[in-house]
Amino acid sequence: MNNEENADHLKALLKQAISPVKDAELHRDLWPQMLGKLDEQAVPVKHVPWLDWTLAAILSAVLFLFPGAIPVLLYQL
Amino acid sequence: MELLERFAAGDLEAFEALFRDHQKEVYFWIVRIVRDHGIAEDLTVETFWRIYKSSARFKPDGNFRAWSRRIATNAAFDHLRSGHLETELPEDLPSQEVSDSAVCRETRARIRDAFAQLPAKYRLVATLALIEEEPYNSIAEALGISVALVKIRVFRAVRMLRRKLSSLAPEVATK
C-alpha cells in the first residue's frame, strides 16, 4: 500500500470514527447572550470634559496669535 | 450610510443587524471545529465580541463574511489550544450513521483518542480537511495561511496520526 492509499485509508477510518457535522442548526438567537457580554465587558468610552476642550482651544489660540510664546511654553514643560 | 460603514463607525444597531445575519453561519463553522453545541454557542458570542472590539479596524469595502470566519477560526483555535478536547460528537448532534461492522467500536475509540492527542493547529486543519472535507482554499482563507501550508499541515497530521495509531494498535494503522 503506497503513501496516498495509506492516507486515504486513514481518512476513511477517521471519518468513521469522527463523523462530519451535518446541518447543525443554531436553535436559539444568541443576541441576548451577546448583549450580556457587551454589558459585562463594556468598553469604557473615553470622555473628554468640555473644560479640557476649552482650555485646549484657548491655548491653541494664544500660540497661534503669539508664536513667541511657544519657546516659553516648551521651557515651562 | 451603508450597514458596514455604520458598523465600522461603531454603530451598535448595525452590529446587531450583522450579528443576526451571520450568527448561524459563524456558529456552524465553529461547531464543525469544536464539535460541541454549548461551546460553539459560547465561541460564537466570543467571536462577535472580538468583531465588535475590532470594528474600527474593519474596512467597509471589505468582506465581512471572510473576516468574521477568520476571527471565528481564531476563537475556535484558542479553545482547542487551551486543552479542551471535544472530538466526540454529543448524541444530539446530527451525524452520519456508522455501522459497527465497518470499524469496531474499540478501533473508533482508539482513532478518536489518537486524533485528540494531535496538537491544536494540526487537529484544526485535519478536522476541516479530512473530516468535514472543506476545500483547502477555504481553510487557508479562514486561517490566514497559504494553501500550501494547509496541505503541509494535513500531511503532517496524517503522519502523526498514523504514528500514534501504530503505537496504540499496529493493526489499525497498517490495515
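What follows is a walk through the predicted two-chain model, from the overall make-up of each chain to the chain contact and a few local details in chain B.

As this is a predicted model, local features are only reported at a pLDDT of at least 70 and side-chain atom pairs only at pLDDT 80 or more, while totals for chains, interfaces and linings use all residues. Residues are numbered from 1 along each chain as its sequence is written, and chains are lettered from A and ligands numbered from 1 in the order in which they are written.

Chain A comes out with 4 helices and 0 strands, where helices are DSSP runs of H or I with at least four residues, strands are runs of E with at least two, and numbering starts at the N terminus. Read from that end, the elements go α-α-α-α. Of the 77 residues in chain A, 12% are buried; a residue is called buried if 20 or more other C-beta atoms (placed from the backbone) lie within 10 Å of its own, exposed if 12 or fewer do, and partly exposed in between. The mean pLDDT of chain A is 83, and 88% of the residues score at least 70, pLDDT being the predictor's confidence in each residue on a scale from 0 to 100. Among the elements of chain A, H2(A) has the highest mean pLDDT, 93, and H1(A) the lowest, 79.

Chain B is also built from helices, with 9 helices and 0 strands. In order from the N terminus, the elements read α-α-α-α-α-α-α-α-α. Buried residues account for 36% of the 175 residues here. Contacts, meaning pairs of residues whose C-beta atoms, placed from the backbone, lie within 7 Å, often span a long stretch of chain B: among those between residues at least 6 apart in sequence, 68% join residues at least 24 apart.

Where the two chains meet, 24 residues come from chain A and 38 residues from chain B. On the chain A side, helix H1 (3-17) and helix H2 (31-40) each supply at least two residues. H1(A) gives the most, with 9 residues. By type, the chain A side splits into 15 nonpolar, 4 polar and 5 charged residues; Ala, Val, Leu, Ile, Met, Phe, Trp, Tyr, Cys and Pro count as nonpolar, Asp, Glu, Lys and Arg as charged, and the others, Gly among them, as polar.

Within chain B, helix pairs are worth a look. The axes of H2(B) and helix H3 (residues 37-53) come within 8 Å and cross at roughly 135°, which makes H2(B) oblique to H3(B). Axes here are lines fitted to C-alpha atoms, for helices over the stretch in contact, with angles from 0 to 180 degrees between N-to-C directions. Angles under 35 degrees count as roughly parallel, over 145 as roughly antiparallel, 65 to 115 as roughly perpendicular, and the rest as oblique. The crossing of H2(B) past H3(B) is right-handed, the near helix being turned clockwise from the far one by less than a right angle (anticlockwise would be left-handed). Residues of H2(B) in this contact include Phe15(B), Phe19(B) and Tyr27(B), and their partners in H3(B) include Leu43(B), Phe48(B) and Tyr52(B). Overall, the contact of H2(B) with H3(B) has 12 nonpolar, 4 polar and 1 charged residues.

H2(B) covers residues 12-34, and Glu13(B) sits in it. Glu13(B) is exposed because just 10 C-beta neighbours fall inside 10 Å. In the loop between H2 and H3 of chain B lies Arg35(B), which is buried because 24 other C-beta atoms lie within 10 Å. Arg35(B) also has a positive phi of about 60° although it is not a glycine. Most residues other than glycine have a negative phi.

A second pair, helix H4 (residues 64-81) of chain B and H6(B), packs at about 130° with axes 9 Å apart, so these two helices are oblique as well. H4(B) also passes H6(B) in a right-handed crossing. The contact brings together Phe77(B), Leu80(B) and Arg81(B) of H4(B) with Ala120(B), Arg123(B) and Leu124(B) of H6(B). These residues divide into 4 nonpolar, no polar and 2 charged.

H6(B) is largely enclosed by the rest of the structure because 9 of its 12 residues are buried; Arg123(B) and Leu124(B) are among them. Just after H6(B), Glu133(B) takes a positive phi of about 55°. Glu133(B) lies in the loop between helix H6 (120-131) and helix H7 (136-143) and counts as exposed, with 10 C-beta neighbours inside 10 Å.
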